[in-house]
Amino acid sequence: MLIRRETASDTDAIRSITTAAFAPGYPPGQVPPEPGLVDELRAGPAWLPALSLVAATPGGEVIGHVLCTRGHVGQDPVLGLGPLTVRPDQQRHGVGSALMHAVLGAADALGEPLVALLGDPAYYRRFGFRPAADYQITAPRPQWQPHFQVRVLNGYQPGLRGMFTYPQPFDRT
Ligand SMILES: CC(C)(COP(=O)(O)OP(=O)(O)OC[C@H]1O[C@@H](n2cnc3c(N)ncnc32)[C@H](O)[C@@H]1OP(=O)(O)O)[C@@H](O)C(=O)NCCC(=O)NCCS
């Protein structure tokens, strides 16, 4: 497996694996919103090309994808992570972990202060995520707080606190 930046020719494969990975979480026949969210993010101002990564087989097949986009804590720029996607037939082989380590390392190298996400703490704590409340950062919706997590990076300063806001397409999803 190789981890590399997304290119224009990966768009269809990303849409397809995102649909396949998220479809089981919705009633049969319902189109999951996550592939459309990725497309909207890519077309908008919050997109950060350096932080949209794919996992590909040596033959070039895309089997996983992760992205961070521009969010804010108060007025300060930070990162929001997601969706994270691994093609269902490739899950539980370390692809998701490899993508997470790669995107966190890339974000750190860029001098970003922190990455926020909504997800299962049982999965994300292994990557250094902690409840956002530990850093006095609040979720955009109070009911998310138990699953709202933050991973601080080298650019983090303790004065960075307040409410996190995702880029706009997340609000419509
Ligand atoms: C979540 C996901 C990206 C993990 O990718 P993966 O390649 O299977 O992950 P890895 O192989 O690196 O890690 C697998 C481990 O994560 C655990 N895991 C996966 N999803 C989990 C979850 N939601 N909660 C807790 N643990 C989880 C597995 O149990 C496994 O644990 P183990 O190593 O102790 O057995 C993948 O399952 C996926 O695409 N799911 C559907 C989309 C999704 O829910 N994305 C995340 C929200 S944006």
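Here is a chat between a colleague and a modeller about the structure above.

Colleague: Before we start, what kind of model is this, and how are its residues numbered?

Modeller: Residues are numbered from 1 along each chain as its sequence is written, and side-chain values use heavy atoms, leaving out hydrogens and water. This is a predicted model, in which local features need pLDDT of at least 70 and side-chain atom pairs count only at pLDDT 80 or more, while totals for chains, interfaces and linings use all residues.

Colleague: Okay, let's go to the ligand. Which residues come nearest to the ligand?

Modeller: A residue is near a molecule if one of its heavy atoms lies within 4 Å of it. There are 17 residues around the ligand. The ones that come nearest are Leu84, Arg92, Gly94, Gly96 and Ser97.

Colleague: Which element gives the largest share of that shell?

Modeller: Helices (H or I, at least four residues) and strands (E, at least two) are DSSP runs, numbered from the N terminus. Helix H1 (11–22), strand E4 (76–86), helix H3 (95–109) and helix H4 (121–124) each supply at least two residues of the shell. The largest share, four residues, comes from E4.

Colleague: How many residues of each class does the shell have?

Modeller: Three classes are used: Ala, Val, Leu, Ile, Met, Phe, Trp, Tyr, Cys and Pro count as nonpolar, Asp, Glu, Lys and Arg as charged, and the others, Gly among them, as polar. Sorted that way, the shell around the ligand comes out as eight nonpolar, six polar and three charged residues.

Colleague: How far is the side chain of serine 97 from an oxygen atom of the ligand?

Modeller: Let's go through a few polar contacts, meaning pairs of N or O atoms within 3.5 Å (within protein, one must be able to donate a hydrogen and the other to accept it, and residues adjacent in sequence count only if both atoms are side-chain atoms). With leucine 84, a backbone N or O atom lies 2.8 Å from a nitrogen atom of the ligand. With tyrosine 123, a polar side-chain atom is 3.2 Å from a ligand oxygen. For serine 97, an N or O atom of the side chain and a ligand oxygen are separated by 2.5 Å.

Colleague: And how much of the ligand's accessible area does the protein cover?

Modeller: Accessible areas come from the Shrake-Rupley method with a 1.4 Å probe; for residues, only the protein chains shown count as cover. On its own, the ligand has 890 Å² of accessible area. The share covered by the protein is 66%.

Colleague: Back to strand E4: which two residues does a cis peptide bond join?

Modeller: Most peptide bonds are trans. One of the two partners here is in strand E4, and omega of the bond is about -5°. The pair is glycine 82 and proline 83.

Colleague: Is arginine 92 buried or exposed?

Modeller: Buried means under 20% relative accessible area, exposed over 50%, and partly exposed in between (1.4 Å probe, protein chains only). Arginine 92 is in the loop between E4 and H3, and its phi is near 65°, a positive value in a residue other than glycine. Because its relative accessible area is 84%, arginine 92 is exposed.

Colleague: Where is glutamine 136, whose phi is near 60°?

Modeller: Most residues other than glycine have a negative phi. Glutamine 136 has a positive one. You'll find glutamine 136 in the loop between strand E6 (130–131) and strand E7 (137–138).

Colleague: Which side chains make polar contacts with the side chain of serine 52?

Modeller: Serine 52 lies in strand E2 (47–56). Its relative accessible area is 1%, so serine 52 is buried. One contact is 2.5 Å and another is 2.9 Å. The partners are glutamate 6 and histidine 65.

Colleague: How far apart are the C-alpha atoms of arginine 5 and leucine 51?

Modeller: Arginine 5 lies in strand E1 (residues 2–5), and at 45% relative accessibility it counts as partly exposed. Along the chain, arginine 5 and leucine 51 are 46 residues apart. In space, their C-alpha atoms are separated by 7.3 Å.

Colleague: Last one: what is the C-alpha separation of glycine 59 and arginine 151?

Modeller: Glycine 59 sits in the loop between strand E2 and strand E3 (62–73), and with a relative accessible area of 79% it is exposed. The two residues are 92 residues apart along the chain. Their C-alpha separation is 33 Å.
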